Amino acid sequence: MVKQRIFSGAQPTGQLHIGNYLGALRNWVALQDEYESFYCIVNLHAITLPQDPKILRQKTLDLARIYLAAGIDPARSTVFIQSDVSEHAELTWVLSCTSRMGELERMTQFKDKAKGSSERAGVGLFTYPVLMAADILLYQTDLVPIGKDQKQHLELTRDLAERFNRDFGETFKIPDPYIPPVGANIKSLQDPTKKMSKSDENVTGSIFLLDDADTVTKKLKRAVTDSGTDIRFDDSRPAITNLLTIYHLLTGKSNEECEEHFEGKGYGQFKSELAEVVVEFLRPFQERVKEYDDDALKSVLTAGAEKARSIARSTLNNVYSKMGIR
Ligand code: ATP
Ligand code: MG
């Protein structure tokens, strides 16, 4: 039986945080047996905001290291760098010709990242979702595991694919999102109305996957809480619910077990137990990150790009042929 296909990616910007892991990476690992999986380091997305070239180059390799340490197995999944497969940029041009200004103007990530100034924002930041659509559609992807923040971009991807198929004939598979029921929207420790983000200037809001034990403990100690004392899942108390969600996902305890465990305990105790759980989760992960040297990584990435390119090329050739370019 032919396996269905997965595509997903993360940007080599800032540092990966526990939200990226719980919302995305963890599911990539879980799904890699059942699906033919493509996991991309989306460095062309990273330059939608200014990056230091030297740091970007290093972060790109570091992110590959993190994928592998998180449990992505290059023998089962294709891991590659976006810019190694130039078809991503080519299909982006084609799709930017079929996208409408109006539909891109509705994308909330642009509004957030442009910080209200579209006059000064880069055009690439505006067309970011078109590049994301190209990433996904090149591989005839069935399923895209993402956090909740990317839901709108996936809907646009489906719209662009449907429009293309309607105008030029059946070309792209229409991908479905996979958004986990829990963990898809981990919040900032400093502001539970905002998602935890790599690009958040306030680093105390995020637990990074490479944070040491001391830093994790300090960040959790300083995490904002809600009024009251109860340690329960409750939508009207988003700070505590966010912390409990992290505890629930990392321990595997049910919501009821988590609540029972913390019944009668104070916020101080809760935060220090949560810190222990997070540190114990990060320890072996951080050990594994050190295992991969640059040469080993580069050979994984070269093989990954080669495999990705052959599929991407075939989709792009079909697109060009349908449009009369070839
Ligand atoms: P940036 O702020 O630079 O956009 P980011 O934290 O949003 O960084 P991305 O590389 O854009 O990270 O996203 C990688 C994956 O992680 C995506 O699937 C995204 O939906 C998911 N993700 C990002 N933030 C969270 C979060 N707070 N909770 C759950 N999933 C998340
Ligand atoms: Mg993002």
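A polar contact is a pair of N or O atoms within 3.5 Å. The exercises below apply this to a predicted model.

**Exercise 1.** Which polar contacts link Asn 20, Gly 147 and Asp 149 to ligand 1?

*Solution.*
1. For Asn 20, a polar atom of the side chain is 3.1 Å from an oxygen atom of ligand 1.
2. Gly 147 uses its backbone: an N or O atom there lies 2.8 Å from a ligand 1 oxygen.
3. In Asp 149, a polar side-chain atom sits 2.6 Å from an oxygen of ligand 1.
4. With the cut-off at 3.5 Å, each of these pairs counts as a polar contact.
5. Of the 600 Å² of accessible area that ligand 1 has on its own, the protein covers 97%.

**Exercise 2.** Describe the shell around ligand 1.

*Solution.*
1. Ligand 1 is surrounded by 23 residues, and Lys 113, Asp 149, Lys 195, Lys 198 and Ser 199 are the closest.
2. By type, the shell holds six nonpolar, 13 polar and four charged residues.
3. Strand S1 (5–10) and helix H1 (18–31) are the elements giving two or more residues to this shell.
4. H1 contributes the most, with four residues.

**Exercise 3.** Is helix H1 largely enclosed or largely open, and why?

*Solution.*
1. H1 has 14 residues and spans 19 Å from first to last C-alpha, close to the expected 20 Å.
2. A kink of about 40 degrees is centred on Ala 24.
3. The buried residues of H1 include Asn 20, Ala 24 and Trp 28.
4. Because eleven of the 14 residues are buried, H1 is largely enclosed by the rest of the structure.

Notes: Residues numbered from 1 in each chain as written. Chains lettered and ligands numbered in written order. Predicted model: local features only at pLDDT ≥ 70, side-chain atom pairs only at ≥ 80, totals over all residues. Heavy atoms only, no water. Near = heavy atom within 4 Å. Polar contact = N/O pair within 3.5 Å; in protein donor to acceptor, adjacent residues only side chain to side chain. Areas by Shrake-Rupley, 256 points an atom, 1.4 Å probe, with all protein chains shown as cover. Nonpolar A, V, L, I, M, F, W, Y, C, P; charged D, E, K, R; others polar. Expected span 1.5 Å × (residues − 1). Bend = angle between axes of the 7 residues up to and from the residue. Buried < 20%, exposed > 50% of the residue type's maximum accessible area, 1.4 Å probe, protein only.
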